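Visitor: Could you take me through the backbone oddities in this one? I'd like a close look at the spots where the chain does something unusual.

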Amino acid sequence: MSAPLTVTHTHGERISVACGAVELMAYVYRPDPDAFESRKPYAHPLRTLAGRTVTGYRPSDHRWHKGLQMTASHLSGQNFWGGNSYVHGRGYLPLRDRVGWMRHDGFDAVDVLGPDGDRVRMAERLTWIENGGREWARETRTVEVHSADPEEGAWALDWSIHLTNIRAEPLVFGSPTTAGREMAGYTGLHWRGPRDLTGGDVLGPGGRGGKGEAGAAAMMGTRAPWLAFTAERDGADAHTTLVFAHAPGNEGAIHASHWFVRSEPTPVVAFSWAFFEEFELPPGESFAYRYRVVVADGAWDEGRVESWLGAHAW
């Protein structure tokens, strides 16, 4: 049975969602100051119901990695990811004039829903702006926190995006792999884990995946309805599992998604919408995706993942 949730809104800065005494999520919409890190909203920290943090923020290896955030690493010559831009034949370069940003324009709703107050829904409007200040896209985003069950030791975050091209030319979405770097197709909704999840195991449907980086390599660049990342924690005799899942409607989206996942040297997962091939969004047209991230205490196996997903409808 889902537990009630509470919301604290620090206006102009962040929205916090808690279950009892534990802050499960902070959605930060006040932009960080460094434009090179691609200023945009992000969710950090995310925590398990036991209070263990499952996101990293500005790690020393990639300062632009911030919890769970929407990104676009290659978009019509601009970088809405942050940090260095990949240029084929030259590697990663600090091209500051290519880094765009996502402006928070406002919330249409911040609601606590359900008869027991067990679901929180945020509906946000954003504008994607290239480095020179031109507005390229309008986004409506919905972030929902729900299904917090202390007996199961898990809760879920649903993240949806509806993006419309408002420029006079197509928006071309790609990744470092579409630009020439093999198996580096990161873009889209991206999770960065904390340092102590490094080396975690990666699972997929049908027995795919496995231990550590070998498991990540087995799932890298594949298509599957879900992917799970599990690891033992530092400082506690405990494991954490995160499950990343596509909504059924994503199968009919503008472009097929593939998993970007690493266990080492950094724990990362992305729902990549342009891993191997670029795709275009014509002027005036839109696309939409919906994702789910389940945050759980304990080491879940494939059966436990399938059981939870099957019991919690979209």
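Guide: Quick bit of vocabulary before we start: strands here are DSSP runs of E with at least two residues, numbered from the N terminus. Keep in mind that this is a predicted model, where local features need pLDDT of at least 70, side-chain atom pairs count only at pLDDT 80 or more, and totals for chains, interfaces and linings use all residues. Residues are numbered from 1 along each chain as its sequence is written, and side-chain values use heavy atoms, with hydrogens and water left out.

Let's begin with Ser-147, which sits in strand 11, spanning residues 135–149. Ser-147 isn't a glycine, yet its phi is positive, at about 60 degrees. With a relative accessible area of 10%, Ser-147 is buried (buried is under 20% relative accessible area, exposed is over 50%, and partly exposed is in between, using a 1.4 Å probe and protein chains only).

Ser-76 is another non-glycine with a positive phi, this time about 50 degrees. You'll find Ser-76 in the loop that links strand 6 (74–75) and strand 7 (85–87). Its relative accessibility is 26%, so Ser-76 counts as partly exposed.

Now for the cis peptide bonds. One runs from His-44 to Pro-45, with omega near 0 degrees, and Pro-45 belongs to strand 4, residues 42–46. Further along, the bond from Glu-264 to Pro-265 is cis too, with omega near -5 degrees. Pro-265 is placed in the loop between strand 19 (258–262) and strand 20 (268–272).

Technical notes: Helix = DSSP H or I, 4+ residues; strand = E, 2+ residues; numbered from the N terminus.
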